[in-house]
Amino acid sequence: MVSKLESLKPKGMKQGVVANFPFTPRESEEHGHDDLKNCGIYRLLPDDMKKEVEKNLHLLEYIHILPLDKIGIPKLVPKLDRKKHGELENPNLIYPADEQIYIHIYPDRNDVRNFYIPIEPTLLTGVEGLLKEVEIRLVDYITGIDFDPMDVEEKKKILREALQKICEIRDKSFVSDVKAEVKLAPNLKSKLNFNLKKSDLKKLKVTEQQYKALEYALIRDKVGLGILEPYIRDKYIEDISCSGLGPIFIEHKIFKGLKSVIEFREEEALNKFVLRLAERVGKPVTYKDPIVDATLPDGSRINIVYGNDISKNGSNFTIRKFNETPFSVLQLIEFGSLDYMIAGYLWLLISEGMSGFICGETASGKTTLLNSITAFIRPEAKIVSIEDTPELQVPHKNWTREVTRGTTRGGKIGEGSGSDVTMFDLLKAALRQRPNYILVGEIRGVEGNIAFQAMQTGHPVMSTFHAATVEKLIQRLTTEPISVPKTFIDNLNFVVIQSAVRRPDGKLVRRVLSVAEIVGYNPQKGGVSFIEVFQWDPVTDKHIFTGFGTSYLLEMKIATRLGIPPNKKKLIYEEVEKRAKILKKLHEQGIVDFYEFFKAISKITKSGMLSIKV
């Protein structure tokens, strides 16, 4: 049974936005730290859950509304594990998204998508009424303040200072802690209008927990993304999408496809939310310009489509989350995307300046793989990256990061309105910067021709490209608008085909399907020749080194570069195996963090361990 209890609607949501819980909520009760021992449900909780609800009482209030007799007490999971929790058939667990927000993953036995339920501090009893009063008083406190509306941190400081003046925490010892947390910029105190009459300064009496909830709500709604804030703060989310009227959908790193209990039920409410969302990212949408591509402050990509004249199910938006720390190659090996031999092979190719494309469909993991293998570029190299939307993360110190400028995509908050700067423009400029490697976020059009010219002049290039096979890649490269002559294709050395595939157990996983070497144009056949050196076997879910002993790149290019004589070229395969063993050893030592992995690779390179004895 789906409940639509108004009392459980997350605070800050407007009319037309509902929280549809997949169970009938029970009546909630107000609790304080002092009366926890008298709470029957608290006494039933495991010790780890007791500690969490003591820190955040809104978690206990949420547990109170659950029909525990039917679903049981959800398991608290401090840290999710891809293998352990991703394989659960009917997950019923709660994990922390940050210090205040929790997420309940609840099973739906009638659908492939389970439920995603955000548990916010605003669920705390009494907060909704207090928040309304705080917002009324807030107007008086911030009237006449002159500040930069795009300065997010300044806005947060102003809100925190105003809240401190409006509220009084019953526990006096907590007030000093609050003051310590609020670090005002030197010029802010003079801006705040606190010259009100004493009668107006009667403070709201709140508990410590209520104060924290009010602070969270103000920053979420005035500075953050409102009801989307829990999704943005959840590091396990890859994509957030609203396809129009209906629920918000989520692509989760552990639980894959999920549906939120938050739904848009009215077109007007959805349109207002989308307009507000566009204003937050500094790129307002209108009926005249209904499509926006932009970047959120944390680096996440957002696409907004406004109005039902071009989107029949109503306005929609998609947010592609940004990972603060990229996955390393070793983490991708853990996930099964590739194996040690492929990684060792790519390490050898990239460290010797080979050019390559990571190809696949949308959301196949192309950028994730490209990010991870940048660690194989020599540590002393100068790198220039060129992107529409900044997604690439390079661990090298000598890294120049360039982003296009335009009115319709790739925009950032506070961006100027000057003339457009395209990928084509930036790529031409990069050739004058003497880089050791050029990274292109994604090649789509005429910039592809410049990329091949860069390769031809000795500048290695790596990029992502939308193509499901090597044949399709070559077809797109040699036709409009890229139009690379077939005789130039051999400047591209290797092609990795990546895809999201369905395992026999029904799980969707990302796999490197093949690695191919481009040999060159064959005038007799009128086509481009290539060799497949690695293949993925869907039956065993393993990768096979089909090019062992017959690799064109390893024998004809890499071996020559490394000074291996023609009669000893087979030594190059031992080098691939050696690097694969090094990677496995690093993995066993627990060096899997992206930046730690790069440091380890740098030390190994500097030590001379990679030199080949002929």
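## A buried histidine

Leaving out neighbours within four places in sequence, H85 makes contact with V77, K79, L80, L93, I254 and F255. This residue, H85, sits in helix α5, which spans residues 82–86. Is H85 buried or exposed? H85 is buried, because its relative accessibility is 7% and the cut-off for buried is under 20%.

## The whole chain

The model described here is predicted. The chain holds 20 helices and 22 strands. Of its 614 residues, 52% count as buried.

Contacts often link distant parts of the sequence. Take the contacts between residues at least 6 apart in sequence: 60% of them join residues at least 24 apart.

## Two nonpolar cores

In soluble globular proteins, nonpolar side chains tend to be buried together. Here, the largest nonpolar core has 92 residues. Which residues have the most contacts inside it? They are Y62 and L228. Helix α9 gives the largest share of this core, seven residues. Another core lies apart from it and has 53 residues, among them Y345, L349, A559 and V576.

Now look at Y62 itself. Not counting residues up to four places away in sequence, Y62 touches F21, F23, I94, H104, I117, I119 and L123.

## Empty space inside

Rolling a probe the size of a water molecule over the atoms shows where empty space is left. How many cavities of 30 Å³ or more does the structure hold? There are two. The second largest has a volume of about 40 Å³.

Eight names make up its lining: N56, H58, Q100, P121, L124, Q209, K212 and A213. By class, the lining has three nonpolar, four polar and one charged residues. Helix α9, residues 208–222, supplies the largest share of this lining, with three residues. The largest share of the largest nonpolar core also comes from α9.

## Strands around β13

Strand β13 covers residues 316–320 and pairs with β8, residues 237–242. These two strands run antiparallel and are joined by four bridges. Strand β12, residues 301–305, also pairs with β13 in the antiparallel sense, this time over five bridges.

T318 in β13 is a good residue to find on screen. S241 stands opposite T318. N303 stands opposite T318 too.

## N371 and a distant partner

N371 lies in helix α14, residues 366–373. Why does N371 count as buried? Its relative accessible area is 6%, and buried means under 20%.

P326 and N371 are 45 residues apart along the chain, yet their C-alpha atoms are separated by 6.7 Å. P326 is also one of the contacts of N371, once neighbours within four places in sequence are left aside. The others listed are E391, L392, Q393 and F594.

## A mostly covered helix

Helix α16 runs over residues 447–456 and is mostly covered, with seven of its 10 residues buried. The buried ones are E447, G448, I450, A451, F452, A454 and M455. An α-helix has 3.6 residues a turn, so residues three or four places apart point the same way.

What do the buried residues of α16 pack against? They meet two helices and three strands by name: α15 (423–430) and α17 (470–477), then β14 (356–360), β17 (437–440) and β18 (461–466). After α16 comes G458, which has a positive phi, near 95°.

## Unusual backbone spots

Most residues other than glycine have a negative phi, and most peptide bonds are trans. Some places in this chain depart from that pattern. R434 has a positive phi near 50°, and R434 is not a glycine. R434 is in the loop between α15 and β17. Its relative accessibility is 73%, so R434 counts as exposed; the cut-off for exposed is over 50%.

D541 has a positive phi as well, about 55°, although D541 is not a glycine. The loop between β21 (527–537) and β22 (542–544) holds D541. D541 is partly exposed because its relative accessible area is 26%.

Where is the cis peptide bond that has an omega of about 5°? The bond joins E480 and P481. P481 lies in the loop between α17 and β19, residues 494–502.

Notes:
Residues are numbered from 1 along each chain as its sequence is written. This is a predicted model: local features need pLDDT of at least 70, side-chain atom pairs count only at pLDDT 80 or more; totals for chains, interfaces and linings use all residues. Side-chain values use heavy atoms; hydrogens and water are left out. Two strands pair if DSSP finds at least two bridges between them. On a 1 Å grid over the protein atoms alone, a cavity is a set of points where a 1.4 Å probe fits but cannot get out, and a pocket is an open set with protein on both sides within 12 Å along at least five of seven lines; lining residues have an atom within 4 Å of a point. Grid points are joined across faces, edges and corners, and a volume is the space filled by probe spheres set on the points. Ala, Val, Leu, Ile, Met, Phe, Trp, Tyr, Cys and Pro count as nonpolar, Asp, Glu, Lys and Arg as charged, and the others, Gly among them, as polar. Buried means under 20% relative accessible area, exposed over 50%, partly exposed in between (1.4 Å probe, protein chains only). Contact means heavy atoms within 4.5 Å. A nonpolar core is a set of buried Ala, Val, Leu, Ile, Met, Phe, Trp, Tyr and Cys residues joined through side-chain atoms within 4.5 Å.
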